[in-house]
Amino acid sequence: MVASAFTSSAVTGVAKVARVASGCAVVLPLARIATVVIGGVVAVEAVPMVLGVMGFTATGITSSSIAAKMMSAAAIANGGGVAPGSLVATLQSLGATGLSGLTRFILGSTGSAIAAGIARFY
């Protein structure tokens, strides 16, 4: 008798939790999910393209580009050379070698978060 009473109350408790959980379930529309995914993909794919347009390429810094002007300013400020770890050196490294897996993950997450924030308004 005690076991059946316990089982009955346990089933009732689970049923109550299931009703509450189903009432609180968050269902995102497919368009919002697509927006978040696209935001992440665009962020990951845009960075190498922007670096290339700026002049940070796999073969080096392109002459007469924004990258060349940045490198010239950095060299003048540093007494004739570009300091290791500086912005110009880091961007050239990314342009030459591409993005690491961790960098892609961070960019994708950031792009998805921005897209999710924008999608909330629509």
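This text walks through a predicted model, with most attention on helix α2.

Begin with confidence. The chain has a mean pLDDT of 81. Of its residues, 77% reach 70 or more. Residues 1-7 are another matter: pLDDT stays under 50 there. In the model, that stretch has zero contacts beyond four places in sequence. Residues 13-18 also have pLDDT below 50. They too show zero contacts beyond near neighbours in sequence. Where pLDDT is low, the predicted coordinates should not be read in detail.

Now turn to helix α2. This helix runs over residues 30-54, which makes 25 residues. From first C-alpha to last, α2 reaches 36 Å. That is close to the 36 Å expected at 1.5 Å a residue. Yet α2 has a kink. Find Ala 46, where the kink is about 30°. The proline Pro 48 follows shortly after.

Which residues of α2 are buried? They are Gly 39, Gly 40, Ala 43, Val 44, Leu 51 and Met 54. What do these buried residues pack against? Their partners are the strand β1 (56-57) and the helices α3 (66-77), α4 (87-97) and α5 (101-119).

Follow the chain just past the end of α2. There you meet Gly 55, with a positive phi of about 115°.

Finally, compare the model with a record. An unreviewed UniProt entry annotates residues 33-61 as "transmembrane region". In the model, the end C-alpha atoms of residues 33-61 lie 38 Å apart. The span is 76% helix and 14% strand.

Definitions and conventions:
Residues are numbered from 1 along each chain as its sequence is written. This is a predicted model: local features need pLDDT of at least 70, side-chain atom pairs count only at pLDDT 80 or more; totals for chains, interfaces and linings use all residues. Side-chain values use heavy atoms; hydrogens and water are left out. Helices (H or I, at least four residues) and strands (E, at least two) are DSSP runs, numbered from the N terminus. The expected span of a helix is 1.5 Å times one less than its number of residues. The bend at a residue is the angle between axes fitted to the seven residues ending there and the seven starting there. Buried means under 20% relative accessible area, exposed over 50%, partly exposed in between (1.4 Å probe, protein chains only). Contact means heavy atoms within 4.5 Å. pLDDT is the predictor's confidence in each residue, from 0 to 100. UniProt positions are given in the numbering used here, feature names are shortened, and annotations may be inferred rather than shown by experiment.
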